[in-house]
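Hi everyone, thanks for making time this morning. I'd like to walk you through a few parts of one structure, so let's put it up on the screen.

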Amino acid sequence: MHAVSPSTTIPGMLRDAVRDHGARPAVVDGDVRLRYRDLAGLVERAARAYLGIGVRSGDRVAIWMPNRYEFVVAMLGAQSVGAVVVPMNTRYRGHEAAAILARSRARALVTANGFLDLDLVGMLRAAAAEEPAEPGGTGPVPGLPHLRTVIDVPAGRAPDGALPWDDFLAAGNGVPPETAREAADRVKPDDLCDILYTSGTTGRAKGVMSAHRQTVDVARIWAAGANLSPDDRYAVVNPFFHGFGYKAGVITALTAGASIHPVPVFDGDRLLELIERERITVMPGTPTLFLSLLANPRLAEHDLSSLRFATAGAATVPETLFTRMREELGFDQVAQAYGLTECMMVTQSRPNEDPRHVAETTGPPVDGVELRLVGRDGAEAAPGEDGEILVRGRNTMLGYFEDEEATRAAVDPDGWLRTGDVGRLDEHGCLKITDRLKDMFTVGGFNVYPAEVENVLAAHPDVAEAAVVARPDARLGSVAVAHVVARPGAAPDPGELVAHCRARLAGFKAPREIVLTASLPRNAAGKILKTVLRERAAAVRTDGG
């Protein structure tokens, strides 16, 4: 036991980890195996390098690359000099990346050009060149004058004008280690730590700001809920650029002294091999991840007995999935959690919770978070009734970066954040996510929450996944259309699926059409793109379908 209180900054958290777990593995990435003291040494080199290229406290450093050990080093190094990390989605193309870099005015960009054979920097330059020139001189990407340095981690195609990773680290040779340590000591808990841009599936992405104390606190809450320990080996499949992979992944593992095993691209066979080879114990993910593993024809060939804990987080989780994860994948404990970029941890299943209850709810509010459910009239929703989820607490975002109007629209003067999600509380005070407020639609004046219909469909033995959206209807205003992915080897009959729903739901909720599809459109965070499905449904209606 240590009498010293745990640190509430990223550099302080890393110092704690080295003190307590220095010789233990921190990051295992293929042939690269870094102990905690090795990781801290590399982070200090990166911090010196940032100082060497002119990055200072408060500057933004964007990171645009897949899950790999250099991402961890680049991120922690930036945060150790007080810089603000801006993780960027690896599925961004040039225009999206240019917009985030321009709006955040990032001073440095760390990328892995050639990832998935993509010329990321080339796409970025082409897109930035199309925009009107900004004042402020030139840099490695014309059109982005604030961006002074592009750092390239080897991934196959080195771009002209970029600083190779090894040369970047060498740029800090002239900066004394004491200078980097002093910079880390100056970082305060309330300093801005990161800006995470929301997925933007419903419009322009907004930059969610969090302080160091919030990022570290979220990680500690998540680690406690998972009973994470230094003996755990954590396969981080969720992207590092997303809060699930960054805060509930990398930072969480570091706070607990566990080892991080980055997974850059999902490949079912390779992931099964990784679990067996490295004796992975913890592996959260989206429902799609686990459904894909369950459908893998080589599943039975692998020893997965090391698996201990998983969180399958999403607005809609097939209720049969948790049983299959325990019985077929071998997890000892499967939990649910609910959060959003603006408040990473809202609710979490309690340890040793009844599995049947876990399947139904995302758990009670975590420490430091208050929860309210309100109807459209603003009145409190009674237990068991649907209402929009409002949250307030120490880990609610600081606001949207340089967007006071959007911040005021999201957070009221009393500090309550409107999530846009709909849910209900059970008699135990645990939250069940009903749906996104924007996804709810009416059929003949009656409310339909797609998640309810999706769960009924997912319970059918021939169905792996389902996504329900509205289609315009002249008589009823709208009707439900279900996009269904079959289980391997199954051939669902659309009429039978509709009958299955009608036997379990009010008639107005049952789909009027079943669309069988091989896969559902998703963003990089694994969320189903309902906007794409709605557009398809509307197009069919427009075409007279």
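Let me begin with a pocket. The second largest pocket here has a volume of about 940 Å³. Please keep in mind as we go that this is a predicted model.

So who sits around that space? The lining has 42 residues, and the ones closest to the pocket's centre are R91, F266, T286, T288 and R522. By character, the lining splits into 25 nonpolar, eleven polar and six charged residues.

Which elements give two or more residues to this lining? They are α11, covering 287-294, β23, covering 463-473, and β24, covering 477-486. The top contributor to the lining is α11, with five residues.

Let's stay with two of those elements, the strands. β23 and β24 are antiparallel partners, paired over ten bridges. If you want a landmark on screen, find V463, which stands opposite A486 in β24. The link from β23 to β24 is a hairpin, and it runs through three residues.

Why do we call β23 largely enclosed by the rest of the structure? Because ten of its eleven residues are buried, where buried means under 20% relative accessible area.

Now please rotate to another strand, β6, at residues 149-152. Are its faces covered or open? Both faces of β6 are covered. T149 and I151 are buried on one side, and V150 and D152 are buried on the other.

And what does β6 pair with? One partner is β5, residues 108-111, which pairs with β6 in the parallel sense over four bridges. Another is β7, residues 163-164, which runs parallel to β6 and is joined to it by two bridges. I151 is a handy residue to follow across these strands: V110 stands opposite I151 in β6, and in β7 the bridge partner of I151 is L163.

Last stop: a pair of helices. Helix α1, residues 10-21, packs with helix α3, residues 69-80, at an angle of about 115°, and their axes are 8 Å apart. On the α1 side, the contact is made by I10, P11 and L14, which meet L76, Q79 and S80 in α3. What kinds of residues make up the contact of α1 with α3? Four are nonpolar, two are polar and none are charged.

That's my tour, and I'm happy to go back to any of these views. Thanks for listening!

Conventions:
Residues numbered from 1 in each chain as written. Predicted model: local features only at pLDDT ≥ 70, side-chain atom pairs only at ≥ 80, totals over all residues. Heavy atoms only, no water. Buried < 20%, exposed > 50% of the residue type's maximum accessible area, 1.4 Å probe, protein only. Pairing = 2+ DSSP bridges. Axes fitted to C-alpha atoms, helices over the stretch in contact; angles between N-to-C directions. Contact = heavy atoms within 4.5 Å. Nonpolar A, V, L, I, M, F, W, Y, C, P; charged D, E, K, R; others polar. 1 Å grid on protein atoms, 1.4 Å probe; cavity = no way out; pocket = protein on both sides within 12 Å on 5 of 7 lines; lining within 4 Å. Points joined across faces, edges and corners; volume = space filled by probe spheres on them.
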